[in-house]
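User: Hi! I'd like to go through a model together, one question at a time. Could you walk me through your reasoning as we go?

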Amino acid sequence: MNTSHSQDIGYQIQQISHTVKQLQNEWLLKENLSVSHLNVMLVLYEEDGVPQTHIQTKLGVRASSLSKLIDILIRKGLVTREAKETDARTKIISLTALGKEKETHLQKVRGELESQVTKNLDADEVKQLADLLARVKQNVIPEGK
């Protein structure tokens with residue numbers, strides 16, 4: 001065990017997470033979006049027209065938090081929320097034309113952020129880091145979340 005808490009893996013992850021989130025929010029301020037909004041959009045860019053619960057599962061957020069995020073994205077004209085034809089309790093979230101238009105730019109911002117975070121790492125180190133973080137994530141996040 002490390003003698004200094006600043007060397008603890010958990011502390012370092014928390015510090016990196018906090019700093020990266022601040023950086024992401026600064027970059028996204030120009031888009032009038034937050035990291036949380038971007039994460040919803042990225043799920044929809046992978047698979048559009050999905051139940052709200054699908055997004056909730058993918059992002060690991062509470063239903064009430066996601067609902068507020070989606071409400072904001074609706075007000076911005078980026079997504080819609082419609083009741084599923086066969087089950088009105090299920091809400092389908094879809095990108096609008098404006099939301100689809102923003103994909104190229106938001107993916108570019110995402111890529112630039114990723115490049116900044118990994119700028120001192122070579123391709124093998126980036127892959128190794130991603131693999132290690134995925135394994136650490138499995139240790140702390142229950143399967144299926």
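User: Let's start with asparagine 32: does it count as buried or exposed, and what is its relative accessibility?

Analyst: Happy to help, and please keep in mind that this is a predicted model. Asparagine 32 sits in the loop between helix 1 and helix 2, and its phi is positive, about 60°, although it is not a glycine. The cut-off for exposed is over 50% relative accessible area. Asparagine 32 therefore counts as exposed, at 52%.

User: Thanks! Stepping back, what pattern does the protein chain follow along the sequence?

Analyst: The secondary structure of the protein chain comes to seven helices and three strands. Its C-alpha atoms fill a box of roughly 55 × 30 × 25 Å along the principal axes, and of its 145 residues 22% count as buried. Read along the sequence, the pattern is α-α-β-α-α-β-β-α-α-α.

User: In what order do the three strands of the open sheet come?

Analyst: Let's build it from the pairs. Strand 2 and strand 3 (residues 87–95) run antiparallel and are joined by six bridges, with a hairpin of two residues leading from one to the other. Strand 1 and strand 3 also pair in the antiparallel sense, over two bridges, while strand 1 (50–51) and strand 2 (79–84) are the edge strands, each pairing on one side only. The order is 1-3-2.

User: Nice. Which residue in strand 3 do both proline 51 and glutamate 82 stand opposite?

Analyst: Proline 51 belongs to the range of strand 1 (50–51), and glutamate 82 to that of strand 2 (79–84). As a further register point, arginine 81 has isoleucine 93 as its bridge partner in strand 3. Proline 51 stands opposite isoleucine 92, and glutamate 82 likewise stands opposite isoleucine 92.

User: At about what angle does helix 2 run to strand 3?

Analyst: There are two helices to look at here. Helix 4 packs on the sheet, touching strand 2 and strand 3, and its direction makes about 120° with that of strand 2. Helix 2 lies across strand 1, strand 2 and strand 3, and its angle to strand 3 is about 90°.

User: Now leucine 98: what is its relative accessible area?

Analyst: Leucine 98 is found in helix 5 (residues 97–101). Beyond its neighbours within four places in sequence, leucine 98 is in contact with Lys76, Gly77 and Leu78. Buried means under 20% and exposed over 50%, so leucine 98 falls in between as partly exposed, at 35%.

User: How far apart are the C-alpha atoms of leucine 98 and alanine 130?

Analyst: Along the chain, leucine 98 and alanine 130 are 32 residues apart. In space, the separation of their C-alpha atoms is 32 Å.

User: Good to know. Which helix gives the most to the lining of the largest pocket, and how many residues is that?

Analyst: The largest pocket has a volume of about 2200 Å³, and of its 44 lining residues, the closest to its centre are Ser17, Val20, Gln24, Leu133 and Lys137. Helices supplying at least two residues of the lining include helix 1 (9–29), helix 6 (103–117) and helix 7 (123–140). The one that gives the most is helix 7, with 10 residues.

User: And how many residues of that lining are nonpolar, polar and charged?

Analyst: The 44 residues of the lining can be sorted by type. They divide into 24 nonpolar, 12 polar and eight charged.

Terms used:
Residues are numbered from 1 along each chain as its sequence is written. This is a predicted model: local features need pLDDT of at least 70, side-chain atom pairs count only at pLDDT 80 or more; totals for chains, interfaces and linings use all residues. Side-chain values use heavy atoms; hydrogens and water are left out. On a 1 Å grid over the protein atoms alone, a cavity is a set of points where a 1.4 Å probe fits but cannot get out, and a pocket is an open set with protein on both sides within 12 Å along at least five of seven lines; lining residues have an atom within 4 Å of a point. Grid points are joined across faces, edges and corners, and a volume is the space filled by probe spheres set on the points. Helices (H or I, at least four residues) and strands (E, at least two) are DSSP runs, numbered from the N terminus. Ala, Val, Leu, Ile, Met, Phe, Trp, Tyr, Cys and Pro count as nonpolar, Asp, Glu, Lys and Arg as charged, and the others, Gly among them, as polar. Buried means under 20% relative accessible area, exposed over 50%, partly exposed in between (1.4 Å probe, protein chains only). Contact means heavy atoms within 4.5 Å. Two strands pair if DSSP finds at least two bridges between them. Axes are lines fitted to C-alpha atoms, for helices over the stretch in contact, and angles run from 0 to 180 degrees between N-to-C directions.
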